[in-house]
Amino acid sequence: MNVSTLDATTASTNSRTSEESLASSLKDRLNILRSAVVEAAHLLPAQGPITAFVHHNTLHALDHLTFDEAVIKGGELFSCHPYLPEQRYREKLKHGRILPEDIEAVLSEDLGDRGDEFLGFLGTRHSLQLNMLAYPLRSGPVAELRWVVAETDALSKFREETTPANRDHLIETTRRWVMRDLRNGHPPAANNIRARELVDGILEHFDKPDIEHWDESTWEDFTLHLLWFVCRDGVGNAPLQKEIHPASSRHRDVLLKATGADSDRLVHEVLIRFCAAFMDQGFGSWPLPQAGGFFESFVALYGCPYGPPSLWMRGLRAELERIQKAGLTSLESIAESLELLGVGEKEEAEFLVQTVLALRGYAGMLWQLECRGDRVARPVPPDTLFEFLAVRLILDRLAVTHVAREGIGYQGDLRGVRAAVTEHAQSCNVPSVDQRSFLIFQLAQLLGWSPETLYQLHVDNWSIVLREVEEFSSVKRRSIYHRAYERRYRLQALDAMLVHAQRLVPQAKLTQFAGSDTPAFQFITCIDDREESFRRHLEEVAPQSETLSAAGFYAVAMYYRGAADAYFTPLCPVIIKPSHYVVEHVAYSQKQKEHLHRNRRRTIGTVTQRVHLGSRTFAGGWFAALFGSLASLPLVMRILYPRATSRFRSLIGGFVQAPSATELQLERTEDPPGQSNGHIGYSTKEMADIVARILQDIGLTHNFSPLVIFCGHGSSSLNNPHESAYNCGACAGARGGPNARAIAQMANDPRVRTLLEERNLRIPLETAFVGCYHDTCDDSVAFYDLDQLPLSHRELFDEVQGLLGEARRRNAHERCRRFRSVSLTATPDAALKHVESRAEDLSQARPEYNHATNALCIVGRREWNRGLFLDRRAFLTSYDPSQDDEERTILTRILQAAIPVCAGISLEYYFSTVDSEGYGCGNKLPHNITSLLGVMTGAASDLRPGLSAQMVEIHEPVRILFVIETTPEAMLQILNKNEGIDRLVRGEWVQLATIDPYTSQIQYFVRGKFEPYTQESGELPEVASSADWYRGWRDHLGFASISPSKRAVQTQ
Amino acid sequence: MSTNTLFFILGIAVLVCPATLVVILGLPPLVGRPLSEKTINRYAYAATVIGLLASLFMLAMMLVVGTRHVPIELGNWVIIPQQHFHFHLKFIFDRLSIPYVILSFLLCGTVSAFTSHYLHREQGYGRFYVCYSFFLLGMIVSSLAGTIEVLFFGWELVGLSSALLVAYFQERPAPVINGLRVWSVYRIADAAFLMAAVAMHHLTGAGDFDRLVGTGSWPDGIAVMTGGQALSVGLLLLVAAAGKSALVPLSGWLPRAMEGPTPSSAIFYGALSVHLGAYLLLRVSPLLEVSVPLAVAVVIVGLMTSLMATLMARVQTDIKSALAFASLTQVGIIVVEIGLGFRYIALIHILGHACLRTLQLLRAPTLLHDYHTIENAIGGRSTEESGFWGRRLPRSLQNWSYRFASERGYLDGMLDVFVVRPFQRLFQWCDAAERCWTDFLSGGHSRESDEVQIHNEIVEELRL
């Protein structure tokens, strides 16, 4: 839609009706544009501000497709890898992490009936593809391949994987063929004329007269030469692969290809600075002078005279003035830009998608701030994304004009740029003859296709060979490898669970809780994979205990403000919008002291802020710098002795810290829940609901121990912009301690217990609940409200605390096996010290490994997997099917939270691992925090959502496997009722299996239905303790049964 | 052992430590035996600690003996009597160089300890430390240099290593482009430096600073030149210093240099490298006394830099650029102090600023954590809607100056348009002329390179 011509037409025609129809068509046009842009916006990264990092499926926008389709589609859209590189899978094959049988099984499943089709000398399709998977097939750009052929021994030595039999076969048949048909003297048969030419050409480089006395290596050399030329000849005659229409339609892409000059570099430099300033949440001390929205602010700024001298921006002011004068809205401006760029309506949608995605980090953040303004301090006005796009297209036009002029001397209309440039660059979307021949050349060596066989192939047969080989492309091979990789882990996991459960059966009643029916204490953690090892170690040091788990917000969805906090933070999964507020107060008796401390804190805070900001200014900086030498002391100390320095700091920090004696304002006296005084907290009934819900979820409705501990978790680290990603996922990237404290306080309330009793949930009088907080980085455990613990329980509590201390040490020790900077021979004490210093170390790029290696989620009773070594790879959710109703209400609500959250974590890790630069945020070392919202790489780049390379370096990208203790029928029923879960499961974004509560039969969900799983192996190592299994080992570890009885046997 | 021998041994130790480090870290990878992370750390640690101790001991000795000027002579390495040229290897320990050397060892050592954790498991670990060792050597050599040639040698090592570290993440285009830009600006500075060296030889017959700024120990030297001579040499040195310390109009590269890993940004652009230009001016400061116009020029350049940088620092929205411009503000002030003759204040300013800024840059990734702590302490985010300038300027001027600051004072653009482009045009013209001639002489197409096609076919692994 050309707006200027539109004006002209309206002026010339005076008829009202045509004016109206034009106006309405313009309106339609803009509506189409609007929906196209919104459509494109859904593809933008959905990560919000980095301060509340929530893991989610990176390809969330494509989750209506199946996983395999989506990774390909995503790969095209974002130019990213769909799977790991082939090389990585082959390494796993070498190390036994994938077995040949896995590949075979996956391939058979993938090919189905097509696998048995016989393809002449290629064998069956199944065997061909299996062979192609067995060896690395090299490829590369044409120039590289030519170099390989000309300069390496590729044409003189068989590939080392070639079997001697194949090698001899190839050499012998060639020798025979050449000696028989292709030597001078005998006139060649008609079909051998070309072969004769080839051979003659090659023979020029060999000692022809001596051919009868050539040794083996000369013949090898000759055979390979002949093979190569025959391949090239055959491929050259075969029809070209169908040319795929180039995906890129942006002018920038076309120009970049042709000239090597990138117009986006120019545009982004301006746009990045402007977007960052526009979204700034309070970093810059001189905020952007805002004039309405994005577009208007931009016009106001870049419309003033005496602009930047850069050549490409010279026309910017005039252009902006023209647009301003014409009074174009952002959508109209987009329409005009599309028209001026010569983008037709057909390609428009695709063009807009690519344009929006070109700076997707910033565009995505603008979109997030626009849609979820409640999550940030300074949201942006609606329609910002349209305005962003309008500005971007104006800049694009200028930059493209400039680059086209400088690069190829193009002066004409912008509409013709792409056509003009295409003349300069040849299309190369299809593999060249060299690339195709080299593939066949390698396969021929590996599979023993002799030059003669290939030479005799008819053109049609060549097409078939090429089609078959190329159909099984690198992407396809990687997908097979990937599924084989997942299969191996899945079989191991399922087998381990079966074998372990079988082992437990005979001893189940005997040893439960060290001989007693009621555990000495119950410890409830988050389902987080990092708590798996902590629980396991606790159970090992305290066999008399029971551990349970539930999503770490413990059903207490709240906005929480700590005694020393400035704001309310939501503590619940992102999908829930809490309606209750909870505030922490300093204990009443400490008020006076706290008042003093608060003032001191405020003073120190203000001074710190002044120094922080002032040191960057003219005079303040001068003053700060004169005394700057004093900064060298903390600098050196913090870096050389992080742990000691932090101890020292907390020692002197004592006189400003919020007193540890605090209390929660948890009960509200007035309706409805809100932020003001009487409305803060929950009513007794609401508390009873929450407590009942969480106890039913974990199946703790009887058999209460005297002491029940709820444990929230979080993580603290320094120099880590992604700190919040390490916190509790069920608390939306915040620390879950207050939730544990709140639930314990609620469950201790006698009025709540009375209400519960009315619902047949009797908590014995002697049972006391305690909340605590586990820091997964330094492995510390802190308790809340201990003063309220009854005197009668203190002895037990002291004992528990001792046991937890031991569990901490062991947990730290197990974690340290993954840190390469810690010796494998370190003692548990040294390990604990190490993790403590890690959290305080400014120079530590990996405070902990977070969810890396997550692969499994088990929903069911702990008794069946207690003592199974899961290597911190499993989310564990407690669920007792015997307490659930026919409708599976409890399971449904557990899965409604567990499947999306765990799948989100698993998939974010998957994508950030397979393409760290594309889907992840790359290397964290050059990260640069921007606008308090996200990180850029280096001095200026797009915002980088996703996980850093350091976070995922030990991750093994597999789709998470859910093993749920229920029946397939019940599971299918849940799937049918819950669209979100159904989409993830049926789209194969997660793997799903059920384990029958009574028969332990496992059923695996495959292609839309459950199929019984047959146990593959009955072997499972048995060791006395976790340490006996993981000790001395860095890399991946398999499953093992931890049975303390083993120790008794050993000592005897 | 006489005091002089002891001085000599200590002086040599200070120099040998970084030089040995270069050899130890640099040679093994060249012969295909890269060192392990642990070994690299141990050597880097040893070199900085021994160097630091030697220089501290040197300082103590000088205080005890009461001398303020210890030259270490390593003889004339090149003598061309006809041209009155000699290349004199000479190092000076005095009130200027000793603090700077101690600072270099201290900060380099700390940053090395930081890096050993920070770059753990990084592919370019060894490469980083090789560049680091070159940098350390360059810093020590240029701070101790007693002749302009020696200073140039160290100066070049610093420039080379910093450009290479800007381009440390060589697999992405931006660091490489920015590294090249830094390198190009350094070339301008180096050209000026070389011309200054030639001029100095021409005027004084030697490159020794003694001849230039008199024999008195720093800062009491009295220049032996006339005002005119001092102005010409001094202006060239000012250009050299402007390139190295990112003074106006060559400031554009400083924020772009924040591409490397955080510790290298800290040590180079927060601390040592960015002050090297100011250090050079301090070294030749007696010249400023001789020529008032020179002193005025220095003050103007410093003041301009400082004012522009403080304006630009205010509009930055990312922590590293903000710190880069904050650094620049102080460097500008330091240059002003030098121009005004406050040499000790300038020296103290350099030392304090370097320590402070290194700490701030190393802590840069903790920004969110720190903001959170501060907000909790003072009970909320400061919600100032318009900054200091916003309240005082009329709207249009405000827009203009905001854009001016946001576009980094147009400095890069002006360099591109007024310096780079004319050269580019000239070379393009020459190229066209050459093509005409060769085509004419060969009677047809003479450029084989024109035929070369761009290889942009997709590799199989990337084909979806």
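## A tour of a predicted two-chain model

In E14(A), select Gly934(A), which is the bridge partner of Thr930(A). Keep in mind throughout that the model is a predicted one.

**The hairpin around Thr930(A).** Extend the selection to strand E13, residues 927–930 of chain A, and strand E14, residues 934–937 of chain A, which run antiparallel and are joined by four bridges. Three residues lie between the strands of this hairpin, and if you click on Ser931(A) you will find a positive phi near 55°. In a regular strand the side chains alternate between the two faces of the sheet. Turn E13(A) to look at each face: His927(A) and Ile929(A) are on one side, Asn928(A) and Thr930(A) are on the other, and all of them are buried, leaving both faces covered.

**The open sheet of chain A.** Next, select strands E4, E3, E5 and E6 of chain A, which form an open sheet in that order with mixed pairing. At the edges stand E4 (569–571) and E6 (662–665), each with a single partner strand, so one side of each has no neighbour in the sheet. From one strand to the next, the twist averages 30°. Within this sheet, E3 (residues 558–561) and E5 (residues 580–586) of chain A pair in the parallel sense over four bridges, and Tyr559(A) can be found opposite Tyr581(A) in E5(A). Now add helix H30, residues 737–748 of chain A, which lies across E3, E4, E5 and E6 of chain A and runs at about 75° to E6(A).

**The domains of chain A.** Colour chain A by its domain assignment, which gives domain 1 (3–31), domain 2 (134–242 + 431–481), domain 3 (251–424), domain 4 (516–587 + 664–852) and domain 5 (589–655). Between the C-alpha centres of domain 2 and domain 4 of chain A, the distance is 66 Å.

**Where the chains meet.** Show both chains and select the residues in contact between them, 97 from chain A and 93 from chain B. On the side of chain A that touches chain B, helix H25 (residues 591–614) of chain A gives the most, with seven residues. Coloured by class, that side of chain A has 50 nonpolar, 34 polar and 13 charged residues.

**A buried helix in chain B.** Finally, move to helix H11, residues 276–283 of chain B, where eight of the eight residues are buried, so the helix is largely enclosed by the rest of the structure. Among the buried residues to label are Leu276(B), Tyr279(B) and, at the other end of the list, Arg283(B).

Notes: Residues numbered from 1 in each chain as written. Chains lettered and ligands numbered in written order. Predicted model: local features only at pLDDT ≥ 70, side-chain atom pairs only at ≥ 80, totals over all residues. Buried ≥ 20, exposed ≤ 12 C-beta atoms within 10 Å, placed from the backbone. Helix = DSSP H or I, 4+ residues; strand = E, 2+ residues; numbered from the N terminus. Pairing = 2+ DSSP bridges. Contact = placed C-beta atoms within 7 Å. Nonpolar A, V, L, I, M, F, W, Y, C, P; charged D, E, K, R; others polar. Domains from an automatic or database assignment. Axes fitted to C-alpha atoms, helices over the stretch in contact; angles between N-to-C directions.
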